[in-house]
Amino acid sequence: MSILRRQKKSDQLEKKPDSSDKKKHKEEKQKQQQNPKKDHQKQAEEQNAKKDHQKQIWSCIDRCFWLIGCGLTMGYLLLFLYQFVPVSFTQYIKEAIIGPLPDPPGLKLKKEGLTANHPVVLIPGSVSGGLELWEGNECAHSLFRKRLWGGTFGKLHRRPFCWAEHMSLDNETGLDPPGIRVRPVTGLVGADYFTTGYYLWAVLISNLAQIGYEEKTIYMATYDWRISFQNTQVRDQTLSRLKINIELMFAENFGKRVVVVAHSMGVLYFLHFMKWVEAPVPMGGGGGPNWCARHIKAVMNIGGPFLGAPKAVAGLFSGEVKDVAAIRSIAPGFRLLDYLRLQTLRHVMHMTRSWDSTMSMIPKGGDTIWGGLDWSPEDGYDCIPKKNKSNVTQISADNRTVSVGSQYSHVNYGGIISFSKDVADALSSKEENKFWDAGNKSNTSCKVWTEYNEMGWGAIKAIVDHKVYTAGSLLELLSFVAPKMMQRGSAHFSYGIADDLDDPQYQHYKYWSNPLETKLPNAPDVEIYSLYGVGIPTERSYIYKVSSPGECPIPFQIDFSSKSEKGGSCLKDGVYLVDGDETVPVLSAGFMCAKGWRGKTRFNPSGIKTFIREYNHSPPATLLEGRGTLSGTHVDILGNFALIEDVIRVAAGATGEDLGADQVFSDIFKWSDKIKLEL
């Protein structure tokens, strides 16, 4: 009992609150009753402070995702609504903003009474024809007959290295690697669009259809643009198919000769074909010496790199051109994802160096055509000429239409590759061409093989010390940095000037795509046109520097920091620019028709008539105009209404004289006169 009493007392003591605690409790209650607002304010301030802290942490991310979400939602909503908008309404909106739209050339000429006449053969250029997979490795097992090039590119974004593996060719043979077969897509769909919404030949085809053309009178001569021209015959019999289809169209259309329209590298491909088709078998097609005269009415070459393109040299030498160099300069440490060890640029170089066709566009004619260390045909050209107040042209006695008012300053383009801005500005003809054994060591640690793996830094220093490379020394430079590539290329292409075109050596197919080492066919009734854009700064020569050290670097890159101190000079971001279509300089596209083939020459013994039709570039004024109808750029010119009209008129039966003969805005005739070539 005593224990229970004691426990009860202790419990009572515990239950009794301390007097001091009571006082504190009372004081707190009194304060709460006196200042209830202050307590609420403190709580609110604490909550607001927490919210502000959270906003500071997440506001940037939230805004970014909110903007992306809104943009995607609006985009999908607009696309959805666009499907239900009548075509007439969209056309009304366009006309309200940019004015009345001109009639397409096909519709305009149909109103004039033109109809389909001569069959048309289209020859696509480099990278513009679709390629599909017929056999591949395990990583591509679900891509049978899917496009590896062009179209939507399927699921290739998920397997880029697998794609690069299948697009590359064998480094020894220049043909398919074992277990891989990639073949060209045939038919008009092979090159009408590159990808959804990006036209190539589609605009020309649709305008031809306006005057009555259809698939039986238009033939798209697609080919594998990666391999050498002669190898397209060896592997796919593409040249034979082209010959057979031209003969078939000729027969089905009651003996009407075909009009051939070739673009870019397709120009060189068809030049090769014209020699192949008349050459005896087994090297040629066995058509005989009059085949071209009997089957061809006209050859219309669009943006043709007859004498090569310096842009191809930059691609082979460092795997980059002006645009890629700009990306590398913006983020020099980024190195195009090399920090992730993806070695993107090395993959591109490994792949493109296996494409033998690229070597067909190395500049031809050496210093005689492109200039040397102390001169070039375009000396003094200014990329920013003063605009004429009046659009007046001068017409000379030989029916040339030539623009006036070009402004000049001293620029020498002869050094296509140089390693010092000072050397490029003050070239000396006393430079000697020397390479020496630098004790190269192979770099076997690189996952992506290029021939730079087999070069030591001593060899790189030797290249840099030489400083300047003209068109005459480029071949030696490329043979030094990529001997295997150039060994394959030298078996299929040549870059010189023939002394005697009757020499039996020039009957070999490797000379057939070089207009300076072969004759045009004996076909005096054929007409040859050179159609190209002008008024666009085009890559002509480059200033290089040695790349910064890194894991498996490509040792050379365009020096993007090299810029002109004068506002009017053509040096921009390490690249000297000249007039052209953004890819092919005017000199390459126009020289043969302006001088090399003009009249009867040793390159044109039958006197085939040649015409130059230049199209002054005019970019679209608004986004609603798309890629424009007056563009002169290398690809977009395929949608140029003036060019399409010229092509359709010739296909309908017109001659070059009917078109107005030459239409020239550049200084191609002046530059051609500076070239001392025996004709």
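Leaving aside its neighbours within four places in sequence, which residues is Thr217 in contact with? In this predicted model, the answer is a set of four: Pro119, Val120, Met249 and Asn253. Thr217 itself sits in the loop that runs between helix H7 (202–210) and strand E7 (218–220). With a relative accessibility of 11%, Thr217 counts as buried, because the buried class takes in residues under 20%.

From here it helps to step back to the chain as a whole. The chain has 679 residues, and buried residues make up 49% of them. Its secondary structure consists of 23 helices and 19 strands. Among contacts with a separation of 6 or more, 76% are between residues 24 or more positions apart. The accessible surface of the chain is about 33,500 Å², and carbon and sulfur atoms account for 55% of that surface.

Helix H7, at one end of the loop that holds Thr217, offers a good example of a contact between distant positions. Leu208 belongs to this helix and is buried, its relative accessible area being 0%. In sequence, Leu208 and Gly106 are 102 residues apart, yet their C-alpha atoms lie 6.0 Å from each other in space. Once neighbours within four places in sequence are set aside, Leu208 is in contact with Val120, Tyr213, Ile218 and Ile648. Val120 is thus a partner of Leu208 and is also in contact with Thr217.

The cysteines come next. The structure holds one disulfide, formed by Cys139 and Cys162, whose sulfur atoms are 2.1 Å apart. The link between Cys139 and Cys162 is right-handed, with 80 degrees about the S-S bond. This pair joins distant parts of the chain, 23 residues apart: Cys139 lies in the loop between strand E2 (131–135) and strand E3 (147–149), while Cys162 lies in helix H6 (residues 160–167). The two ends of the link have their own surroundings: Cys139 is partly exposed, at a relative accessible area of 32%, whereas Cys162 is buried, at 9%. Two further cysteines can be described in the same way. Cys70 is partly exposed, with a relative accessible area of 30%, and Cys593 is buried, with a value of 0%.

Helix H6 deserves a closer look. Its buried residues are Cys162, Trp163, Ala164, His166 and Met167. These buried residues pack against E2 and E3, and also against strand E4 (181–184) and helix H14 (344–352). Cys162 is therefore both a buried residue and one half of the disulfide with Cys139.

A pair of packed helices follows. Two packed helices are described by the angle between their axes and the distance between the axes. For helix H8 (residues 229–236) and helix H10 (residues 265–278), the axes come within 9 Å and cross at roughly 70 degrees. H8 and H10 are therefore roughly perpendicular to each other, because angles of 65 to 115 degrees are counted that way. On the H8 side, the contact involves Phe229, Gln230, Thr232 and Gln233, which meet Met265, Leu268, Tyr269, His272 and Trp276 in H10. The residues of this contact divide into five nonpolar, four polar and no charged.

A few details of the backbone complete the picture. Most residues other than glycine have a negative phi, and most peptide bonds are trans. Against that background, the peptide bond from Val281 to Pro282 is cis, with omega near 10 degrees. Pro282 is placed in the loop between H10 and helix H11 (291–295). Positive phi values occur at Val127, where phi is near 60 degrees, and at Glu582, where phi is near 85 degrees. Val127 has its place in the loop between strand E1 (120–123) and E2, and Glu582 is found in the loop between strand E18 (575–580) and helix H20 (586–596). How accessible are these two residues? Val127 counts as partly exposed, at 35% relative accessibility, and Glu582 likewise counts as partly exposed, at 42%.

Key:
Residues are numbered from 1 along each chain as its sequence is written. This is a predicted model: local features need pLDDT of at least 70, side-chain atom pairs count only at pLDDT 80 or more; totals for chains, interfaces and linings use all residues. Side-chain values use heavy atoms; hydrogens and water are left out. Helices (H or I, at least four residues) and strands (E, at least two) are DSSP runs, numbered from the N terminus. Buried means under 20% relative accessible area, exposed over 50%, partly exposed in between (1.4 Å probe, protein chains only). Contact means heavy atoms within 4.5 Å. Accessible areas come from the Shrake-Rupley method with a 1.4 Å probe; for residues, only the protein chains shown count as cover. A disulfide is a pair of cysteine sulfur atoms within 2.5 Å. Axes are lines fitted to C-alpha atoms, for helices over the stretch in contact, and angles run from 0 to 180 degrees between N-to-C directions. Angles under 35 degrees count as roughly parallel, over 145 as roughly antiparallel, 65 to 115 as roughly perpendicular and the rest as oblique. Ala, Val, Leu, Ile, Met, Phe, Trp, Tyr, Cys and Pro count as nonpolar, Asp, Glu, Lys and Arg as charged, and the others, Gly among them, as polar.
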